[in-house]
Amino acid sequence: MDNKLYASFLKAKQTGKKKFVVLIDPDNMRLQKLEKVLELSNQANVDYFFIGGSLVVNDMLDMVLGNIKKTSDIPMILFPGNSFQLSYKADGLLFLSLISGRNADLLIGKHVITAPFLKISPLEIMSTGYMLIDGGISTTVQYMSNTTPIPSNKNDIALCTAMAGEMLGLKLMYMDAGSGAENPITTSMIDAVSSAIDIPLIVGGGIRTPQKAYDNVKAGADVIVVGNAIEKDPQLIIDMASAVHEAEFSSDLS
Ligand code: 1GP
């Protein structure tokens, strides 16, 4: 299996480069808006697209991936909300284990069912520890996963969970406050977790401003994911991407 994508995450981490990801939920993104998002993402040098959502109830996944491929070279990584969100049109897949929860199905159960399909797929599979952090409201992922998120002020629980995930061999760590979270993850939790692990740290959920994206990478996030805010205002892609990319060079944004 090709490991180009993971190698790019690792190389960025080793060289202090920060990555910006646009999350596309095929259910929410109407085609007209998708065109705009793609145009701005190309312009802003967005690093990756994550594609997925908690439900994805319509058959848009393949169509959205096809449309992206036609207009952009940005790698497409599936961020699946369930085992049905699989398409060979993507470049890679985050093989998520929900390590903040105690739902055995989402820790290993679904993985056993999907493993043989993934084994023969052309997708690059990246094992990812997925940690849900309380974002102040009950998010779809919280409800759908039937798990309790880590309290937003319990840095020690987050830190030990991430450490355990890394020791179990997971290749990426994704801390998520859930799509549309009221409160994004605090910089103090990002700082605590990033200092405790060596694998790349992805942070998302409720990030609405370039300043917050910038603060998160300064605190130790390697990859920033934004979905909702960009769906509402695609123009934000430009400022978000440059805040993340410039964070490695400057010590203050203002
Ligand atoms: C959700 O981390 C992503 O899984 C992005 O969240 O949609 O709130 O930006 P938002």
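## Exercises on a predicted model

An oxygen atom of the ligand sits 2.8 Å from a polar backbone atom of Gly227. The protein covers 97% of the 300 Å² of accessible area that the ligand has on its own. The model is predicted.

**Exercise 1. Describe the shell around the ligand.**

Step 1: Count the shell. It holds 13 residues. The closest are Asp176, Ser179, Gly180, Gly206 and Asn228.

Step 2: Sort the shell by residue type. Eight residues are polar, four are nonpolar and one is charged.

Step 3: Look at oxygen atoms of the ligand. A polar side-chain atom of Ser179 lies 2.5 Å from one. For Gly180, a backbone N or O atom lies 2.7 Å from a ligand oxygen atom.

**Exercise 2. Decide whether Ile113 is buried or exposed, and name the patch it helps to make.**

Step 1: Place the residue. Ile113 is found in helix α4, residues 104-119.

Step 2: Apply the cut-off. Exposed means over 50% relative accessible area. Ile113 has 55% relative accessibility, so Ile113 counts as exposed.

Step 3: Find its partners. Ile108, Val112 and Ile113 make a nonpolar surface patch of about 310 Å².

**Exercise 3. Work out which parts of the chain the salt bridge of Asp222 and Lys13 ties together.**

Step 1: Find the contact. The side chains of Asp222 and Lys13 meet in a salt bridge, 3.0 Å from N to O.

Step 2: Locate both ends. Asp222 lies in the loop between α8 (210-219) and β8 (223-226), and Lys13 in helix α1 (residues 4-15), so the pair ties together parts that are 209 residues apart in sequence.

Step 3: Check accessibility. Asp222 is buried, because its relative accessible area is 6%. Lys13 has 24%, so Lys13 is partly exposed.

**Exercise 4. Do the same for Asp47 and Lys19.**

Step 1: Find the contact. Asp47 and Lys19 form a salt bridge, with the closest N and O atoms 3.8 Å apart.

Step 2: Locate both ends. Asp47 is in the loop between α2 (31-43) and β2 (48-51), and Lys19 is in strand β1 (residues 19-24), so the pair ties together parts that are 28 residues apart in sequence.

Step 3: Check accessibility. Asp47 counts as buried at 17% relative accessibility. Lys19 is buried too, with a relative accessible area of 16%.

Step 4: Look for a network. Salt bridges that share partners join Lys13, Lys18 and Asp222. The structure holds five salt bridges.

Notes. Residues are numbered from 1 along each chain as its sequence is written. This is a predicted model: local features need pLDDT of at least 70, side-chain atom pairs count only at pLDDT 80 or more; totals for chains, interfaces and linings use all residues. Side-chain values use heavy atoms; hydrogens and water are left out. A residue is near a molecule or strand if one of its heavy atoms lies within 4 Å of it. A polar contact is a pair of N or O atoms within 3.5 Å; within protein, one must be able to donate a hydrogen and the other to accept it, and residues adjacent in sequence count only if both atoms are side-chain atoms. Accessible areas come from the Shrake-Rupley method with a 1.4 Å probe; for residues, only the protein chains shown count as cover. Ala, Val, Leu, Ile, Met, Phe, Trp, Tyr, Cys and Pro count as nonpolar, Asp, Glu, Lys and Arg as charged, and the others, Gly among them, as polar. Patches are made of residues with over 30% relative accessible area and no salt bridge: like charges are joined within 9 Å, nonpolar side chains (Val, Leu, Ile, Met, Phe, Trp, Tyr) within 5 Å. A salt bridge is a side-chain nitrogen of Lys or Arg within 4 Å of a carboxyl oxygen of Asp or Glu. Helices (H or I, at least four residues) and strands (E, at least two) are DSSP runs, numbered from the N terminus. Buried means under 20% relative accessible area, exposed over 50%, partly exposed in between (1.4 Å probe, protein chains only).
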